[in-house]
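These are my notebook entries on a single protein chain. I record what I looked up and what I found.

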Amino acid sequence: MSNLETYLAAQNAQPAVADIITTITKVGIQISDLLKRGALADILGEAGNQNVQGEEQKKLDVIANDLLLDALSSNPHCAGVASEELDNATPANQDGDVLVLFDPLDGSSNIDINMAVGTIFSILPYNNQGHPATDEDFLQKGTAQLASGYILYGTSTVMSITLGNGVAMFSLDPDTKAFVQIKDQVQISADTKEYAINASNYRYWLPPMQRYIDEFTAGKTGVRGKDFNMRWVAAMVGDIHRILCRGGIFSYPFDTKHPDKPGKLRLMYEANPMSLLIEQAGGMSTDAVNRILDIEPTSIHQRVPVVLGAKNEVEYVKKLHEEV
Ligand code: F6P
């Protein structure tokens, strides 16, 4: 089976994109090794500070962020990085040709309980060469992404990437440290019987989302006439990986729990990269009504409601929201 380098060459990936993905995978291998050692590597627990979103940082959030920041800043192609863990964009090489956004460790609440976590990344073109990158340079729509992907640190370490020509999946060989391709042109079926949502927020959702989930829980006895299954990894990377493997719909919808936040997930380093993967795999991704990839960003850390996965289900959610 071919490895990542062969895949990137066969895709005629831009040298900058191929090189950045290679850099990210090298850090991914380091993070994967740390996670395997867990408590023995002294990576569990709180770091003792909060990130820009007011969330407690875990030790591994900080370690993973620093590893990515250092590695990408030293890559001559990288003009700047933006991360969930950094207040503002960090400029790198002003002659670089791409910008990289990442969530260094998605699903941090899973770290201390030995459950799946991941790294998400998005690569954008840099359009301001010769000048140090600023937050403004990152505010590009999801459609501008040159590539995106995630590394999932689960029972094995797997990675899914898209360069805008389908989705390929790789598995890390722990002996050779190579990412070996395991799937090409991943496709998500248009229908599903499996959904992922944090149902404890039900009372904060809008009526169309409540109705949608009510129809699922009514199963065979309701209007959908069939039973559905629910799964929730509490790490978006895990849920998206499951959807790419066996289908499904995922949502972190609009809720009124925190009136200042229109959703929980971050547009630029969670929703956009995942939406590109999902669309490239034949699925659909919206904020319940509008296509995520078409949203004009206004800030690096902006939040957005997310409904993505099986096309017919995402269409149906849109219909329910448009009816009211
Ligand atoms: O980054 C946010 C995140 O950790 C996602 O990866 C995940 O889908 C979600 O939050 C989990 O949210 P909750 O804590 O409500 O289960």
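The entries below go from the whole chain to the sheet, and then to single residues.

**Entry 1: status of the model and overall form**

I note at the outset that this is a predicted model. I first looked up the secondary structure and found 8 helices and 17 strands in the chain. I then checked the radius of gyration, which is 19 Å; the globule rule gives 20 Å for 324 residues, and these values are close, so the chain is as compact as a globular protein of that length. I also took the extent of the C-alpha trace along its principal axes, which is about 55 × 40 × 40 Å.

**Entry 2: burial, contacts and charge**

What share of the 324 residues is buried? I found 55%. For the accessible surface of the chain I obtained about 13,300 Å², and carbon and sulfur atoms account for 50% of this area.

I next looked at contacts between residues at least 6 apart in sequence; of these, 64% join residues at least 24 apart. For charge, I recorded 26 positive and 41 negative side chains. The centres of these two sets are 9 Å apart.

**Entry 3: the open sheet**

I traced an open sheet of 8 strands, and its order reads β4-β3-β5-β6-β7-β8-β9-β10. The pairing in this sheet is mixed. Which strands stand at the edges? They are β4 (90–91) and β10 (178–183); each has a single partner strand, so one side of each is left without a neighbour in the sheet.

I then went through some of the pairings. Strands β3 (residues 78–83) and β5 (residues 98–106) run parallel and are joined by 5 bridges. Within this pair, I noted V98 in β5 as the bridge partner of C78. By contrast, β6 and β7 pair in the antiparallel sense, over 7 bridges.

**Entry 4: strand β7 and its hairpin**

I examined β7 (residues 147–153) in more detail. How many of its 7 residues are buried? The count is 7 of 7, and the strand is described as mostly covered. I separated its side chains by direction: A147, G149, I151 and Y153 point one way, while S148, Y150 and L152 point the other way. Both groups are buried.

On one flank, Y153 of β7 stands opposite V117. I placed V117 in β6, which covers residues 117–125. On the β8 side, Y153 has T157 as its bridge partner. The pairing of β7 with β8 (residues 157–162) is antiparallel and comprises 6 bridges. The two strands are joined by a hairpin through 3 residues.

**Entry 5: F179 in the edge strand**

I looked up F179, which lies in strand β10. Is F179 buried or exposed? Its relative accessible area is 4%, which is under the 20% cut-off, and F179 is therefore buried.

I listed the contacts of F179 beyond its neighbours within four places in sequence; among them are N3, L4, T25 and I29, as well as I151, T157 and M159. The list also includes F170, S171 and L172. I had already met I151 as a residue of β7. T157 is 22 residues from F179 in sequence, and the C-alpha to C-alpha distance is 9.0 Å.

**Entry 6: Y195**

I moved to Y195, found in strand β11 (residues 194–196). Y195 has 7% relative accessibility and so counts as buried. Outside its neighbours within four places in sequence, Y195 is in contact with I213, F216, T217, F228, N229, M230, R231 and I249. I also checked W232, which is 37 residues from Y195 along the chain; their C-alpha atoms are separated by 8.3 Å.

**Entry 7: positive phi angles**

Most residues other than glycine have a negative phi. I therefore recorded two exceptions, N114 and A234.

N114 has a positive phi of about 65° and is placed in the loop between β5 and β6. Its relative accessible area is 68%, so N114 is exposed.

A234 has a positive phi of about 70°. I located A234 in the loop between β12 (229–230) and α6 (236–246). With 36% relative accessibility, A234 counts as partly exposed.

Notes. Residues numbered from 1 in each chain as written. Predicted model: local features only at pLDDT ≥ 70, side-chain atom pairs only at ≥ 80, totals over all residues. Heavy atoms only, no water. Helix = DSSP H or I, 4+ residues; strand = E, 2+ residues; numbered from the N terminus. Rg over C-alpha atoms; globule rule 2.2 N^0.38 Å. Buried < 20%, exposed > 50% of the residue type's maximum accessible area, 1.4 Å probe, protein only. Contact = heavy atoms within 4.5 Å. Areas by Shrake-Rupley, 256 points an atom, 1.4 Å probe, with all protein chains shown as cover. Lys, Arg positive; Asp, Glu negative; His and termini not counted. Charge placed at Lys NZ, Arg CZ, Asp CG, Glu CD. Pairing = 2+ DSSP bridges.
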